[in-house]
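This briefing covers a predicted model. Its topics are a loop glycine, aromatic pairs, nonpolar cores and salt bridges.

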Amino acid sequence: MNMPITQEPVFSRDGDLWVPHAEAAGPFRGLHGGAVSGLTVAVMEEMARTEDFGTPMTASVYILRPSPHEPLTTKVTPLRIGGRIAILESELFAGDKLVAKATAAFVKPIDLPELKAVSAPATSVDPETMTPWARTRRADRVTFFDLLDIRDDGNGTKWGRMMRPMMPFDAPFASTFALSDNGTPYWLSGTDLWPPQWGFPNIDVSLHASRARVGEWVGVTPTSDWRVEGSGLTDAVIRDEQGVLGRGCQTVVLTPM
């Protein structure tokens, strides 16, 4: 059963338009990649719930160009609807310009109790008891980070939750996607490269999950491989309050400030 959305979302609906709140902004031009990817995934998640396509298991978003801070439109197209598997495509437009494109796969669950012996054991963690993340660099305006409650476990994992919903409907996979998008700054802030001399926009985000998320917190344990050619990859283990949830990856393009 969907929970009612009682707080102002990051994106509100105005007819066919999605209107971004001020805190959808990124540190560079336009909207934050987490907001863009969250929106493109959320509209697929809404269709999947309406059509009973199952649990979201994986999604990939390509950020084709900076998304302006203005009303946007989306288009969702089913690519395959099978017995247990549905694959959808989502496009995000600013006016007539395509700014992002995504795909996602949904799987209907079945009961296989014999696999319990090999399933990852559940753990328990309470990020509220952890230290708030002390960012050393802040933008000179409101950004996506201002709507996140981020905690640091001191062992390489940052835990985050959104203080306002992503959408005016329930979209837990989209918010997981948006929170996992922060892998690169999480990693970078713990290195000697901080504060950075370069911009580090990611051109894509992907997330693979083994199950539905439990709880409101998302843990990100990132590593990055940056190269002198000006490119890099961030790979992160994604967690929730009961253990490992999946993995997230980002292709990073380094640009001089």
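Gly83 has a relative accessibility of 65%, over the 50% cut-off, and therefore counts as exposed. Its place in the chain is the loop between strand E4 (73-81) and strand E5 (85-94). Gly83 is separated from Lys108 by 25 residues in sequence, and the two C-alpha atoms are 8.3 Å apart in space.

**Aromatic pairs**

- The model holds seven aromatic pairs.
- Phe173 and Phe177 make an edge-to-face pair, because their ring planes stand at 65 degrees, with the ring centres 6.3 Å apart.
- Helix H2 (residues 172-180) contains both Phe173 and Phe177, which are four residues apart, or about one turn of the helix.
- Phe173 and Phe177 are both buried.
- Phe200 and Trp226 form a tilted pair: the centres of their rings are 6.2 Å apart, and the planes are at 40 degrees.
- This pair joins distant parts of the chain, since Phe200 sits in the loop between strand E10 (198-199) and strand E11 (204-209), whereas Trp226 belongs to strand E12 (residues 218-226), and the two are 26 residues apart.
- Phe200 is buried, as is Trp226.
- Phe200 and Trp226 are also members of one aromatic cluster, together with Trp187 and Trp198.

**Nonpolar cores**

- The largest nonpolar core has 52 residues, and within this core Phe11 and Met167 touch the most other members.
- Helix H1 (residues 33-51) supplies eight residues, the largest share of this core.
- Another core, of seven residues, lies apart from the largest one; Trp187, Trp226, Val252 and Leu254 are among its members.
- Trp187 and Trp226 thus appear both in this core of seven residues and in the aromatic cluster.

**Salt bridges**

- The count of salt bridges is 12.
- One of them joins the side chains of Arg164 and Glu23, with an N to O distance of 2.6 Å.
- Arg164 lies in the loop between strand E9 (158-162) and H2, and Glu23 in the loop between strand E2 (17-20) and H1, so this salt bridge ties together parts that are 141 residues apart in sequence.
- Which is the burial state of each partner, buried or exposed? Arg164 is buried, because its relative accessible area of 17% is under 20%. Glu23 is buried too, with a relative accessible area of 14%.
- Lys158 and Asp152 meet through their side chains in a salt bridge of 3.8 Å, N to O, which falls within the 4 Å cut-off.
- Lys158 is buried, at a relative accessible area of 8%, whereas Asp152 is partly exposed, at 24%.
- Asp225 pairs with Arg227 in a salt bridge whose closest N and O atoms are 3.1 Å apart.
- Asp225 has a relative accessibility of 36%, and so it counts as partly exposed.
- A network of salt bridges links Glu128, Asp149, Arg151, Arg161 and Glu216.

Definitions and conventions: Residues numbered from 1 in each chain as written. Predicted model: local features only at pLDDT ≥ 70, side-chain atom pairs only at ≥ 80, totals over all residues. Heavy atoms only, no water. Buried < 20%, exposed > 50% of the residue type's maximum accessible area, 1.4 Å probe, protein only. Phe/Tyr/Trp six-rings, centres within 6.5 Å; stacked < 30°, edge-to-face > 60°. Core = buried A, V, L, I, M, F, W, Y, C linked by side-chain atoms within 4.5 Å.
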